[in-house]
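Please walk me through this model in the viewer, one selection at a time. Tell me what to pick next and what is there.

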Amino acid sequence: MGNRRINRQLAIAQDKLDRLNSGDSTALSVGDQAKLAGLMGVGLVRATKLKGAPAAERAADRIWANAQQRAAADVRVLEGESQKTANLEAAARRERRWS
């Protein structure tokens, strides 16, 4: 029973990672979305003045990279939990079979 819950969470986390990798900003947290919007505003103002905004671009790239790293770490943790639960369930079935 526990493995279904973990697998459902894993599917959600994997979907979030896929959306982040494809550039979907709705997969970002609300705080990251707000930071990204502010940085895009700075970039837009600088672009209208025909100046570059490399600091804002780097900060936006860091937001995306950090969000992807967090989502990938969540997926790895959930995969480990799923494997651990599957191993425990298999051991319990073997024990019942030999008892």
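Select Asp-32, Leu-36 and Leu-39, the buried residues of helix H2. The model is a predicted one. Look down the helix axis: these residues cover an arc of only 65°, which puts them on the same side of H2. Turn to the other side of H2, where Val-30, Ala-34, Leu-44 and Thr-48 are exposed. The spacing on the buried side follows a general rule: an α-helix has 3.6 residues a turn, so residues three or four places apart point the same way.

Keep H2 on screen and show what covers its buried residues; the cover includes H3. To check the length of H2, put a distance between its end C-alpha atoms. They are 27 Å apart, which agrees with the 27 Å that its 19 residues should span at 1.5 Å a residue. After H2 comes Leu-50, with a positive phi near 60°.

**Two residues on the buried side of H2**

Pick Asp-32 alone, in H2, which runs over residues 30-48. Is Asp-32 buried or exposed? Its relative accessible area is 10%, and because the cut-off for buried is under 20%, Asp-32 counts as buried. Now show its contacts, leaving out neighbours within four places in sequence: Ile-63, Ala-67 and Arg-70 remain.

Move to Leu-36 and apply the same filter, dropping neighbours within four places in sequence. Leu-36 is then in contact with Leu-28, Ala-60, Ile-63 and Trp-64. Ile-63 is thus among the contacts of Asp-32 and among those of Leu-36.

**Helix H1**

Next select residues 2-21, which form helix H1. H1 has 20 residues and reaches 29 Å from its first C-alpha to its last, close to the 28 Å expected at 1.5 Å a residue. Colour Asn-3, Ile-6, Leu-10, Ala-13, Leu-17 and Leu-20, which are buried. They cover an arc of only 100° around the axis, which puts them on the same side of H1. On the other side of H1, colour Arg-4, Arg-8 and Ile-12, which are exposed.

Which helix do the buried residues of H1 pack against? Show H3, residues 54-98: the buried residues of H1 pack against that helix. Then step past the end of H1 to Gly-23, where phi is positive, near 90°.

Go back to Asn-3, which has its place in H1. Asn-3 counts as buried, at 13% relative accessibility. Not counting residues up to four places away in sequence, Asn-3 touches Ser-82, Thr-85, Ala-86 and Glu-89.

**The nonpolar core**

Now select Leu-20, Leu-28, Leu-36, Leu-39, Trp-64, Val-75 and Leu-78. These have the most contacts inside the largest nonpolar core, a set of 19 residues. H1, H2 and H3 each supply at least two residues of this core. Which helix gives the most to this core? It is H3, with nine residues. Leu-36 was met above as a buried residue of H2, and Leu-20 as a buried residue of H1.

**A long distance: Val-77 and Leu-50**

Select Val-77, in helix H3. Val-77 is partly exposed, with a relative accessible area of 49%. Draw a distance from the C-alpha of Val-77 to that of Leu-50: they are 45 Å apart in space and 27 residues apart in sequence. Leu-50 is the residue with positive phi that follows H2.

**The whole chain**

Finally, zoom out. The protein chain has three helices and zero strands, and its elements run α-α-α from the N terminus on. Its radius of gyration is 21 Å, well over the 13 Å that the globule rule gives for 99 residues, so the chain is more spread out than a compact globule. Orient the C-alpha trace along its principal axes, where it spans about 80 × 20 × 15 Å.

Colour by accessibility to see burial: 24% of the 99 residues count as buried. Switch on the surface; the chain exposes about 7100 Å², and carbon and sulfur atoms supply 56% of it. For a contact map, consider contacts with a separation of 6 or more: residues 24 or more positions apart account for 72% of them.

How values were computed:
Residues are numbered from 1 along each chain as its sequence is written. This is a predicted model: local features need pLDDT of at least 70, side-chain atom pairs count only at pLDDT 80 or more; totals for chains, interfaces and linings use all residues. Side-chain values use heavy atoms; hydrogens and water are left out. Helices (H or I, at least four residues) and strands (E, at least two) are DSSP runs, numbered from the N terminus. Buried means under 20% relative accessible area, exposed over 50%, partly exposed in between (1.4 Å probe, protein chains only). Contact means heavy atoms within 4.5 Å. The expected span of a helix is 1.5 Å times one less than its number of residues. The arc is that of the directions from the helix axis to the C-beta atoms. A nonpolar core is a set of buried Ala, Val, Leu, Ile, Met, Phe, Trp, Tyr and Cys residues joined through side-chain atoms within 4.5 Å. The radius of gyration is taken over C-alpha atoms; the globule rule is 2.2 Å times the number of residues to the power 0.38. Accessible areas come from the Shrake-Rupley method with a 1.4 Å probe; for residues, only the protein chains shown count as cover.
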